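I sat down with this one and kept a running notebook of what I looked up. Here are the entries, in the order I made them.

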Amino acid sequence: MRADRVFAYGATVGLLGDLLLGDPRRGHPVAVFGRAAGAVERVMWRDHRGWGALHTVVCAGGAAALGAVAARAVRRSPAASVALTGAATWAVVGGTSLAREARLIGRTLQAGDVEAARERLPHLCGRDPQALDADGIARAVVESVAENTSDAVVGALVWGAVAGVPGLLGFRAVNTLDAMVGHKSPRYRRFGWASARLDDLAGWPGARLTAVLATLAGDDPRGAVRAWRRDARRHPSPNAGPVEASFAGALGVRLGGTLSYGGRVEHRPVLNTEGRAVVRDDIERAVRLSRRVGLLALGAGVAGRLLTRGRVR
């Protein structure tokens, strides 16, 4: 069976599996990888960029290599190849869990229980929840939905279309490493540098595709394009900028501004300044937009593979 059809069938099965089943409560493959990467870090950690780069190569390269070995082992069986691609897609795509967490916080806010929403917010993003009121929590959720649509759905599908199972596993490994060691804390400023830069590189195509699809699928395409072109480059992240700006324009809301991470206050530029402030109902609108973007990304990935017409060897 041609590689384009393997990806088309497998990725569709995997995305449907995520939509129907979501993530397992225990033993998630990404969590298993995180524990393994943590064990490697304990052995290799040095306050040095070179050691951090080696850690990145071992962990992300190991994940991609595992995918390559598995794909080679089943290459003579079309059914097994499709099943492996489906399982890998399900393992790395997190759209349903993202939507579930966002909606849970949204329902909590709708019930007027801001304190419960603050307690739940760390399950979705790393903001300091105690500094946020109800609308601030809603803005944090919308921003997280936008960014994670790229990281947890579109980016994975892009690399799956490009490189099959190794691409799926490798991208998710890079993204997970960035979350683990890619932040600018004293411990990881040097050690996590390579993971952060590799994540920026790997996330670049998915972020731009997410922005394009949010523009096409949103309520205000012109507003999305305007916000993307004007505001994306002002964001400190080269990939979150286009995604959050296009979501802001598509939803007609303002994102960005002052936020706090780990006690550190950041004053980020406002995205889509002519939009209105985020309110609780915008969480559901953002989730629906994320869903549409994910399905369009699957279609784009499948179309891209069909055009290349690669073959399984």
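**Entry: a buried charge.** I started with Glu143, keeping in mind that the model is predicted. Glu143 has 1% relative accessibility, so it counts as buried, the cut-off being under 20%. Which residue does Glu143 meet in a salt bridge? I found Arg139, at 3.2 Å from N to O. Arg139 is buried as well, at 15% relative accessibility. I also checked the spacing: the two sit four residues apart in helix H7, so about one helical turn separates them. My reminder to self: side chains of opposite charge can pair when their charged atoms come close.

**Entry: more salt bridges.** I looked up the total, and the structure holds 17 salt bridges. Next I picked Glu274 and Arg226, whose closest N and O atoms are 2.6 Å apart. Glu274 lies in the loop between strand E2 and H11, while Arg226 is in helix H9, so this pair ties together parts that are 48 residues apart in sequence. Glu274 is partly exposed at 40% relative accessibility, and Arg226 is partly exposed at 39%.

Then I tried Arg276 and Asp282, which meet in a salt bridge at 2.7 Å, N to O. Buried or partly exposed, I asked of Asp282? It counts as buried, at 1% relative accessibility, whereas Arg276 is partly exposed at 37%. I noted a network too: Arg226, Arg230, Asp231, Arg234 and Glu274 are joined by salt bridges that share partners.

**Entry: small residues inside helices.** I found Gly10 in helix H1, and at 0% relative accessibility it counts as buried. What does Gly10 touch, leaving out residues up to four places away in sequence? I listed Val82, Thr85, Gly86 and Thr89. I also looked at Leu84: it is 74 residues from Gly10 in sequence, yet their C-alpha atoms are 7.3 Å apart.

Ser150 came next, in helix H7. It is buried at 5% relative accessibility. Beyond residues up to four places away in sequence, Ser150 touches Gly155, Gly206, Ala207, Thr210 and Val243.

**Entry: cysteines.** How many disulfides does a search of the whole structure find? I got zero. I checked Cys59, which is buried with a relative accessible area of 7%, and Cys125, which is buried at 15%.

**Entry: a nonpolar patch.** Last, I looked at the surface. Leu16, Leu19, Leu20, Leu21 and Leu295 make a nonpolar patch of about 530 Å². Helix H1 gives the most to the patch, with four residues, and Leu295 lies in helix H11.

Definitions and conventions
Residues are numbered from 1 along each chain as its sequence is written. This is a predicted model: local features need pLDDT of at least 70, side-chain atom pairs count only at pLDDT 80 or more; totals for chains, interfaces and linings use all residues. Side-chain values use heavy atoms; hydrogens and water are left out. Patches are made of residues with over 30% relative accessible area and no salt bridge: like charges are joined within 9 Å, nonpolar side chains (Val, Leu, Ile, Met, Phe, Trp, Tyr) within 5 Å. Accessible areas come from the Shrake-Rupley method with a 1.4 Å probe; for residues, only the protein chains shown count as cover. A salt bridge is a side-chain nitrogen of Lys or Arg within 4 Å of a carboxyl oxygen of Asp or Glu. Buried means under 20% relative accessible area, exposed over 50%, partly exposed in between (1.4 Å probe, protein chains only). Contact means heavy atoms within 4.5 Å. A disulfide is a pair of cysteine sulfur atoms within 2.5 Å.
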